[in-house]
Amino acid sequence: MRWRGGRQSSNVEERSGSSGRSIGKIASGGGIGVFLIAVVVFFLSGGDLGTVMDSLGGDITPATYETENVSSKEYTDEKEFAAVVFAHLEDYWNEEFDKRGQSYQNPKLVLFTDSVDSACGQASAQIGPFYCPADQNVYLDLSFANELSSSYGATGDYAMAYVIAHEVGHHVQNQLGITDQLNALRKRVSETEYNQYSVRLELQADYLAGCFSKYLAEQTYQGQPILEAGDIAEAITAANAIGDDTLQKEYQGYVVPDSFTHGTSQQRTSWFKRGYKYGDLEHGDTFNEKDLDLAA
Ligand SMILES: [Zn+2]
């Protein structure tokens with residue numbers, strides 16, 4: 001991806017947090033916790049928000065943030081890259097919502113190292129990137145790009161762009177009211193049933209990342225296409241690497257479909273590709289799709 005020197009989003013903040021509140025233990029489990037966090041956070045901030053916040057002492061005021069230059073000399077490229085991708089996502093989603101006559105509120109990107117406080121609780125870098133609907137921020141651990149290639153074999157800059165676009169996809173779902181609908185549903189259904197809805201929510205975020213990629217494929221920077229050969233393949237490799245079946249096989253040696261929360265590798269790549277093909281919200285209704293494998 002051609003990103004160096006591109007417009008950087010101004011909705012980016014670096015933060016290092018510390019407080020006693022922790023959601024880290026809920027999402028523990030090492031590598032498998034990565035990407036499960038979005039759902040964990042979703043649970044925390046959704047149907048159970050009151051309960052969770054009560055159990056945290058009723059303190060819903062975010063902890064005092066110490067805004068400082070986190071490892072300012074390090075991660076220079078990661079920071080610039082994330083801010084440029086975020087800027088493209090702002091351009092795209094504002095345009096899409098405009099077309100629909102709806103207004104779009106930009107999310108904020110919070111970059112951190114080690115751990116961070118969010119309105120959804122404290123998170124350690126171990127649990128990976130996540131979106132917190134309660135404060136509408138995307139949280140990104142600066143070391144994650146490295147983790148993505150070393151632990152998941154998803155190399156290349158566009159693998160990381162896909163991850164950021166997926167998290168912003170959750171923000172779009174929040175803006176569209178989908179997140180609220182699912183939170184309401186969660187109170188009425190079993191865990192197994194809810195997991196199936198969660199999979200659909202996640203696959204839709206993959207679809208939205210695909211839509212963004214189609215848009216970006218049509219953009220240029222300094223007269224050159226922004227996407228380079230191999231970029232889309234990098235996103236597909238990443239989506240494949242973080243499918244529930246692949247992660248479960250790797251970390252526990254067997255697969256439990258009832259516990260899937262994000263979809264299989266096949267499903268994640270299929271929905272990303274579908275978004276890349278159509279680039280509109282209309283073809284992304286994962287909730288009414290019978291065949292999530294999109295086999296036909
Ligand atoms: Zn997600």
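1. The open sheet. In this predicted model, four strands make up an open sheet. Their order is β1-β2-β6-β5, and the pairing is mixed. The edges belong to β1 (12-14) and β5 (130-132). Each of these has a single partner strand, so one side of each is left without a neighbour in the sheet. On average, neighbouring strands here are turned by 25° against each other, direction ignored.

2. The β2-β6 pair. Start with strand β2, residues 108-112, and strand β6, residues 137-141. They pair in the parallel sense, over five bridges. One position is easy to look up: Phe-112 has Asp-141 in β6 as its bridge partner.

3. A helix on the sheet. Helix α5 spans residues 157-175 and packs on the sheet. The strands touched by α5 are β5 and β6. The direction of α5 makes about 20° with that of β5. Keep this helix in view, as the next points return to it.

4. The zinc site. Which residues coordinate the zinc ion? They are His-166 and His-170, each through NE2, and Glu-202 through OE. The distances run from 1.9 to 2.1 Å. Along the chain, the donors follow the spacing H-x3-H-x31-E. His-166 sits in helix α5, while Glu-202 sits in helix α7 (residues 191-217). The pair therefore ties together parts that are 36 residues apart in sequence. Are His-166 and Glu-202 buried or exposed? Both are buried.

5. Salt bridges around Arg-7. The structure holds ten salt bridges. One of them joins Glu-90 to Arg-7, with the closest N and O atoms 3.4 Å apart. Glu-90 belongs to helix α3 (residues 76-99), and Arg-7 to the segment before β1. This pair links distant parts of the chain, 83 residues apart. Arg-7 also forms a salt bridge with Asp-91, where the closest N and O atoms are 3.0 Å apart. That second pair again reaches from the segment before β1 to helix α3, across 84 residues.

6. Accessibility in that group. Glu-90 is buried, at a relative accessible area of 7%. That value is under 20%, so the residue falls in the buried class. Arg-7 has a relative accessible area of 44% and is partly exposed. Asp-91 also counts as partly exposed, with 34% relative accessibility.

7. Another long-range salt bridge. Arg-268 and Asp-206 form a salt bridge, their closest N and O atoms being 2.7 Å apart. Arg-268 lies in helix α10 (residues 265-278), and Asp-206 lies in helix α7. Here the linked parts of the chain are 62 residues apart. Both Arg-268 and Asp-206 are buried. As for Arg-7, Glu-90 and Asp-91, salt bridges that share partners join them into one network.

8. The largest core. How many residues does the largest nonpolar core have? The count is 56. Within this core, the residues with the most contacts are Met-1, Trp-93, Tyr-158 and Tyr-162. The elements giving two or more residues are α3, β2, β6, α4 (144-152), α5, α7, α8 (231-241) and α10. Which element gives the largest share? It is α5, with ten residues.

9. Trp-93 and its contacts. Set aside the neighbours of Trp-93 within four places in sequence. Trp-93 is then in contact with Tyr-104, Val-168, Val-172, Leu-208 and Leu-281. Apart from the largest core lies another core, of eleven residues. Among its members are Val-110, Val-116, Ala-119 and Ile-127.

10. The β3-β4 hairpin. Strand β3 (residues 115-118) has both faces covered. Ser-115 and Asp-117 are on one side, Val-116 and Ser-118 on the other, and all are buried. Strand β4 (residues 121-124) runs antiparallel to β3, and four bridges join the two. Which residue in β4 is the bridge partner of Ser-118? That partner is Gly-121. The hairpin that joins β3 to β4 passes through two residues.

Definitions and conventions. Residues numbered from 1 in each chain as written. Predicted model: local features only at pLDDT ≥ 70, side-chain atom pairs only at ≥ 80, totals over all residues. Heavy atoms only, no water. Pairing = 2+ DSSP bridges. Axes fitted to C-alpha atoms, helices over the stretch in contact; angles between N-to-C directions. Contact = heavy atoms within 4.5 Å. Donors = N, O, S within 2.8 Å, 3.2 Å for Na, K, Ca; no water. Buried < 20%, exposed > 50% of the residue type's maximum accessible area, 1.4 Å probe, protein only. Salt bridge = Lys/Arg side-chain N within 4 Å of Asp/Glu carboxyl O. Core = buried A, V, L, I, M, F, W, Y, C linked by side-chain atoms within 4.5 Å.
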